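User: I'd like to learn how to read aromatic and nonpolar features in a model. Could you take me through them one at a time?

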Amino acid sequence: FCWMAPSLGDVARGAPDWTAALLVQYPFFVGSLLFTVGCYLALVEVVNANLQVELDALSDEGSIHRRRSREALEARSRSGSFGAALSARLLPAAVAPAAAPAPAAASRRGEFSAALRWWGWQPSSLLYWGALGQLVGAFAFNVACAAGLPANAVGVSTHAGEVAFLYLPSLLGSALFVFASYVYVVEETHDYNCFVVPAAPTLGYAVVSLNLLGSLLFLVASAGYFCQVEPYGLYAGGQFGWEWQISEWGVRFTYGVGSLCFVGGALVSFPELLSDT
């Protein structure tokens, strides 16, 4: 939204370089790094959930991820041990510990570290491909956001440089976000039709729906980059003509609203994790 304000974030329209860097360029880059960390941890969660099934095999009682979450909560309630619950969720079913006396805290931490896998290959799981695609999309946005930093302004000063390092990575990343978000909706609703609203919507459904909407808005904003006409820049059709309107409302405003959707999904995810609904 600061990018929309000419005096704050738009250098081409008179904003000081330092305010544009402080309010737009560096927040983009730092945010992309944090988003990448979150995408990687989502992949770690999927790998450790032992999801070796296709989503078309899901039953009404929920996916393996949901079932193992409930098993973890049940293990926690039986043993009173949070460490035992994590082990029950993260270990493969064949070696998951049965109800046993809770070990000491140090031993539980050791079991957790030994069980946790930081990378894996699960090509038979559509949810795995969704998480992997989301991570690759985040890397693409890292490229685009890094190219927009003040130190790299020379590298993207030409239209060809902008297309190669800003426009295309943003479009690729947004498309992969849409794919991942759709997969998460399917996993939550157990229906490939993402327009079908569950009879009893859950917090998890709110999270995946907000993420899907944010991803679609990012895709629209990224596509808007390609409306730039050379050599007129944002002045095609006049100083505040059609191209400036697309940049202001189709790109910048749409990115802003999409970001709000991601923030909303992140906030709702906290009670969703605590309630398992």
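User: Let's begin at the surface: which residues make the nonpolar surface patch of about 430 Å²?

Analyst: Patches are built from residues with over 30% relative accessible area and no salt bridge (a side-chain nitrogen of Lys or Arg within 4 Å of a carboxyl oxygen of Asp or Glu), nonpolar side chains (Val, Leu, Ile, Met, Phe, Trp, Tyr) being joined within 5 Å and like charges within 9 Å. Areas follow the Shrake-Rupley method with a 1.4 Å probe, and for residues only the protein chains shown count as cover. Here the patch is formed by Phe-1, Trp-249, Phe-253 and Leu-260. Keep in mind that this is a predicted model: local features need pLDDT of at least 70, side-chain atom pairs need 80 or more, and totals for chains, interfaces and linings use all residues. Residues are numbered from 1 along each chain as its sequence is written, and side-chain values use heavy atoms, without hydrogens or water.

User: Is Trp-249 buried, partly exposed or exposed?

Analyst: Buried means under 20% relative accessible area, exposed over 50%, and partly exposed in between (1.4 Å probe, protein chains only). Trp-249 has 46%, so it is partly exposed. This residue belongs to helix 8; helices (H or I, at least four residues) and strands (E, at least two) are DSSP runs, numbered from the N terminus.

User: How many aromatic pairs does a search of the whole structure find?

Analyst: Rings of Phe, Tyr and Trp (its six-membered ring) pair if their centres lie within 6.5 Å; planes under 30 degrees apart are stacked, over 60 edge-to-face, and the rest tilted. The search gives 16 pairs. Take Tyr-167 and Phe-226: their centres are 5.6 Å apart and their planes at 65°, so they are edge-to-face. Tyr-167 sits in helix 6 (residues 159-189) and Phe-226 in the loop between helix 7 (203-224) and helix 8 (242-275), 59 residues apart. Tyr-167 is buried at 5%, while Phe-226 is partly exposed at 38%.

User: Which residues do ring pairs link into a cluster?

Analyst: The cluster holds Phe-35, Phe-141, Tyr-167, Phe-177, Phe-218, Tyr-225, Phe-226, Tyr-255 and Phe-262.

User: And what about the largest nonpolar core: how many residues has it?

Analyst: A nonpolar core is a set of buried Ala, Val, Leu, Ile, Met, Phe, Trp, Tyr and Cys residues joined through side-chain atoms within 4.5 Å. This one has 34 residues, and Trp-3, Leu-43, Tyr-128, Tyr-184, Tyr-225 and Tyr-255 have the most contacts inside it. Helix 5 contributes the most, with nine residues.
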